[in-house]
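Let's walk through this protein together, one question at a time. Have the sequence and the 3D view ready as you read.

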Amino acid sequence: MRAIGDKDIQIFGIFGFPLGHTISPAIHNAAFDVYGLKAFYSVFERPPVRFRFLMRNLKSILLNGFNVTVPYKEAVIPYLDRIDPMARKIGAVNTVKKEGGAWVGYNTDYEGFLAGLKQMRFSPKGKTAVILGAGGAARAVSFGLAHQGIRRLVIFDVIEKKAQDIVRAYRRFYPAVEWVIRPMKDEYLEPVLKEADLLVNATPVGLHAGDPLIIKKSFFPKRKILVYDLIYRPRLPRFLKLAKSLGHSVVNGETMLLMQGARAFEIWTEKKAPVQVMRKAMDDVLRAS
Ligand SMILES: NC(=O)c1ccc[n+]([C@@H]2O[C@H](COP(=O)([O-])OP(=O)(O)OC[C@H]3O[C@@H](n4cnc5c(N)ncnc54)[C@H](OP(=O)(O)O)[C@@H]3O)[C@@H](O)[C@H]2O)c1
């Protein structure tokens, strides 16, 4: 085994704060092993001051690539030499690669989200989607849906300003989409949800046991729709359990997590991601937790 820092070993990792128990090392290390790559993926939980220091010194850092998660997906951008056009449009980077001497930023989150829709054979074209939440994940979701031709996109948030920022950023790229912002209040939710074909929970509500339901049971439409929760731990959050019991199709955040990782692997290694192996690694962690 060679020492860390040896030029023959490629080092990757994830920056975030706090990071908790991330699944990314398991899925990436399993994928490196499939190709017998001398590479490993580690966890860099760094507070903002430390993160900024490291980014200022990117040129001398012995990394080949890295992921960035909350709260650094936008903060990383000024430190990079180039931004892929899609990540530039989205305004957030979750995957960074050293290309020659330059650091290049990509966004694979929106592709991960769309992979979940594809798995459910749901095409956004001409449909109405409702997104609960307007944080980082909602940005990737909104962009992905607009990119795939959604007709009407309604974003609900407690702080309307965050939803406005999303709409302001994307409307010029996707003027044909009907962009709507609504406050997260019952009187607005009920009528809008009646029209929805797709309902996405992009808030962290449901991550913890004892969390309330993000919307009331009576607000689910009578028609059968697709209900998507970006949460993957627990695997069946209360919100999806209820939607399922009402006969709706449901999908959680596992495929999104897996496929953003698979795409990042392909960017870094220029090899086809061994998705089945990565999925098994993810399953093993989720089953054990
Ligand atoms: N599957 C995946 O690969 C994947 C990837 C990314 C994220 N996620 C999941 O997606 C969720 C959101 O992540 P994020 O990074 O977007 O977080 P974030 O940036 O913190 O955004 C969360 C959003 O939810 C809103 N929110 C929080 N509590 C709410 C409530 N009670 N009612 C209504 N809105 C509420 C927040 O509004 P305020 O700011 O007004 O509080 C904010 O707009 C998390 O559960 C995360 O684990 C999954």
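Ala, Val, Leu, Ile, Met, Phe, Trp, Tyr, Cys and Pro count as nonpolar, Asp, Glu, Lys and Arg as charged, and the others, Gly among them, as polar. This is a predicted model, in which local features need pLDDT of at least 70 and side-chain atom pairs count only at pLDDT 80 or more, while totals for chains, interfaces and linings use all residues. Residues are numbered from 1 along each chain as its sequence is written.

Q: How many nonpolar residues does the shell around the ligand have?
A: The ligand is surrounded by 25 residues, where a residue is near a molecule if its C-beta atom, placed from the backbone, lies within 6 Å of it. Seven residues of this shell are polar and two are charged. The number of nonpolar residues is 16.

Q: Which helices each supply at least two residues of the shell around the ligand?
A: The closest residues to the ligand are Gly133, Gly135, Ala137, Thr203 and Gly253. Helices here are DSSP runs (H or I, at least four residues), strands are runs of E (at least two), and both are numbered from the N terminus. The helices that each give at least two residues to the shell are α5 (136-147) and α9.

Q: Which domains does the shell around the ligand draw on?
A: Domain bounds come from an automatic or database domain assignment. That assignment gives a domain with two segments, 10-107 + 255-288, and another spanning 110-252. The shell takes at least three residues from each of domain 1 and domain 2.

Q: What distance separates the centres of domain 1 and domain 2?
A: Residues of the domains meet: 14 of domain 1 are in contact with 18 of domain 2 (contact means C-beta atoms, placed from the backbone, within 7 Å). The centres are taken over C-alpha atoms. Their separation is 25 Å.

Q: Which helix gives the largest share of the side of domain 1 that touches domain 2?
A: 14 residues of domain 1 are in contact with domain 2. Both α3 (85-90) and α9 (254-269) supply at least two residues of that side. The largest share, six residues, comes from α9.

Q: Why is helix α4 largely enclosed by the rest of the structure?
A: A residue is buried if 20 or more other C-beta atoms lie within 10 Å of its own, exposed if 12 or fewer, and partly exposed in between, with C-beta atoms placed from the backbone. The buried residues of α4 include Tyr110, Phe113 and Leu117, and the buried set packs against α3, α5, β11 (226-229), β12 (249-251) and α9. Helix α4 (residues 109-119) is largely enclosed because the residues that are buried number nine of the eleven.

Q: Which helix gives the most to the largest nonpolar core?
A: A nonpolar core is a set of buried Ala, Val, Leu, Ile, Met, Phe, Trp, Tyr and Cys residues joined through C-beta atoms within 7 Å. The largest one has 84 residues, and Val130, Ile131, Leu153 and Val200 have the most contacts inside it. With eight residues, the helix giving the most to this core is α9.

Q: Is Pro183 buried or partly exposed?
A: Pro183 is found in strand β9 (residues 178-183). Leaving out residues up to four places away in sequence, Pro183 touches Glu160 and Tyr188. Because Pro183 has 13 C-beta neighbours inside 10 Å, it counts as partly exposed.

Note on methods. Two residues are in contact if their C-beta atoms, placed from the backbone, lie within 7 Å.
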